[in-house]
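Colleague: Could you walk me through this model, starting with the overall picture and then turning to the strands and the cysteines?

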Amino acid sequence: MAKEDEKKESGEWKEFFWNPRTHELLGRTASSWGLILLFYLVFYTFLAGMFCLTMYVMLLTLDDYKPTWQDRLAVPGMMIRPKGEALEIIYKPGDTESWDSYIQALNNFLAPYNDSQQVMNNDDCPPDKYFIQEDSGEVRNNPKRSCQFNRTILEDCSGLNDNTYGYRDGKPCVLIKLNRVIGMRPGSVKANTTIMQAPYVTCGAKKEDSDSIGEIAYFPPSGAFNLMYYPYYGKRAQVNYSQPLVAVKFTNITFNVDVNVECKINLLFSEAATPINERDKFSGRVSFKLRINM
């Protein structure tokens, strides 16, 4: 009896897969399978067409050179080079391998700033005023020109006079850049004048480390991002844009202790513009840890 039941179940499964009497495959005839496949083909073709049409209409509203909406921070953040792991720069001057990666990172980052490269690609602009290149109605003024930022501006932190950027002597250099924002015109109007003052960088230690940071040198000496590098028109419109930098050199830092450094931008906007949020640790500032072991 058990064997007969097994044969019956086996026969039922075979007939479900293919029934020779009704010519059904998996319970459907050929015409039934054709109709259902045709339905799904039409259905998914319609969905794909709707998706393509939606994307096409959306792309028509976008500008190839400027984002329609800029929902980033109203005040741009800052970043350092070399970054290290978790924004930490820890090394030992006598151990070349401990700081060799920092030197390599700085060399790679500064390679496009070589004076010969800048003279070839960018303009020698008049300083202390915006380099404005407006479009003429619907006619695009592209590609837009960019101002030279020569590596020699960084002086002791250029890597030209000292190819170790001070790391070998325990006087390391850190490069600071302000994140790019299309159309931003930084700077603050000087009191009782129409003169625009360029934003500048200041660095200091956190309160608990204030006695350990020592003297700091800035390059250029003003520590400023000159106005001639603004406004920025975007990577596609301004293909040779060289982002301005400020170098910070720690000339007398205390060894064998963690020094928590904070650098921030000053005079980024006039009083009428968006102020820097002092509670936001990413707004117009960057913090990192510096430790030199002896």
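Below, we go through the model in questions and answers.

Colleague: Good to have you here! How many helices and strands are there in the protein?
Modeller: Happy to help, and please keep in mind that this is a predicted model. Of its 294 residues, 34% count as buried. Among contacts with a separation of 6 or more, 76% are between residues 24 or more positions apart. As for the elements, the protein has 4 helices and 12 strands.

Colleague: What share of the exposed area do carbon and sulfur atoms supply?
Modeller: The protein exposes about 18300 Å². The part of that area supplied by carbon and sulfur atoms is 55%.

Colleague: Why is strand β5 described as largely enclosed by the rest of the structure?
Modeller: Let's take the two faces in turn. On one side sit Cys-173, Leu-175 and Lys-177, and on the other Val-174, Ile-176 and Leu-178, all of them buried. Strand β5 (residues 173–178) is therefore largely enclosed, with the number of buried residues being 6 of the 6.

Colleague: In which order do the strands of the open sheet with β5 come?
Modeller: We can build it up from the pairings. Strand β3 (residues 78–81) is joined to β5 by 4 bridges, antiparallel, and 4 bridges also join β5 to β10 (residues 246–250), again antiparallel. The open sheet has 4 strands, in the order β3-β5-β10-β9. Its edge strands, each pairing on one side only, are β3 and β9 (216–219).

Colleague: Which residue of β10 is the bridge partner of Leu-175?
Modeller: Let's follow the partners across the sheet. In β5, Leu-178 is the bridge partner of Met-78. Towards β10, Cys-173 stands opposite Lys-249, while the partner of Leu-175 is Ala-247.

Colleague: At about what angle to β5 does helix α3 run?
Modeller: Helix α3 covers residues 96–110 and lies across β3 and β5. Its angle to β5 is about 40°.

Colleague: On to the cysteines: how many disulfides does a search of the whole structure find?
Modeller: A disulfide is a covalent bond between the sulfur atoms of two cysteines. With bonded cysteines counted along the chain, the pattern is 1-2, 3-4, 5-6. The number found is 3.

Colleague: Is the disulfide of Cys-125 and Cys-147 left-handed or right-handed?
Modeller: The sulfur atoms of Cys-125 and Cys-147 are 2.1 Å apart. Both residues lie in the loop between α4 (115–121) and β5, 22 residues apart, and both are buried. The torsion about their S-S bond is about -100°, so the disulfide is left-handed.

Colleague: Which cysteine forms a disulfide with Cys-173 of β5?
Modeller: At 1% relative accessibility, Cys-173 counts as buried, and its partner is buried too, with a relative accessible area of 0%. The torsion about the S-S bond is about -75°, so this disulfide is left-handed. The sulfur atoms are 2.1 Å apart, and the partner is Cys-157.

Colleague: And what is the handedness of the link of Cys-203 and Cys-263?
Modeller: Here the sulfur atoms of Cys-203 and Cys-263 are 1.9 Å apart. The pair links strand β8 (residues 200–205) to strand β11 (residues 259–266), with the two cysteines 60 residues apart. Cys-203 counts as buried at 13% relative accessibility, and Cys-263 does at 1%. With 110° about the S-S bond, the link is right-handed.

How values were computed
Residues are numbered from 1 along each chain as its sequence is written. This is a predicted model: local features need pLDDT of at least 70, side-chain atom pairs count only at pLDDT 80 or more; totals for chains, interfaces and linings use all residues. Side-chain values use heavy atoms; hydrogens and water are left out. Buried means under 20% relative accessible area, exposed over 50%, partly exposed in between (1.4 Å probe, protein chains only). Contact means heavy atoms within 4.5 Å. Accessible areas come from the Shrake-Rupley method with a 1.4 Å probe; for residues, only the protein chains shown count as cover. Two strands pair if DSSP finds at least two bridges between them. Axes are lines fitted to C-alpha atoms, for helices over the stretch in contact, and angles run from 0 to 180 degrees between N-to-C directions. A disulfide is a pair of cysteine sulfur atoms within 2.5 Å.
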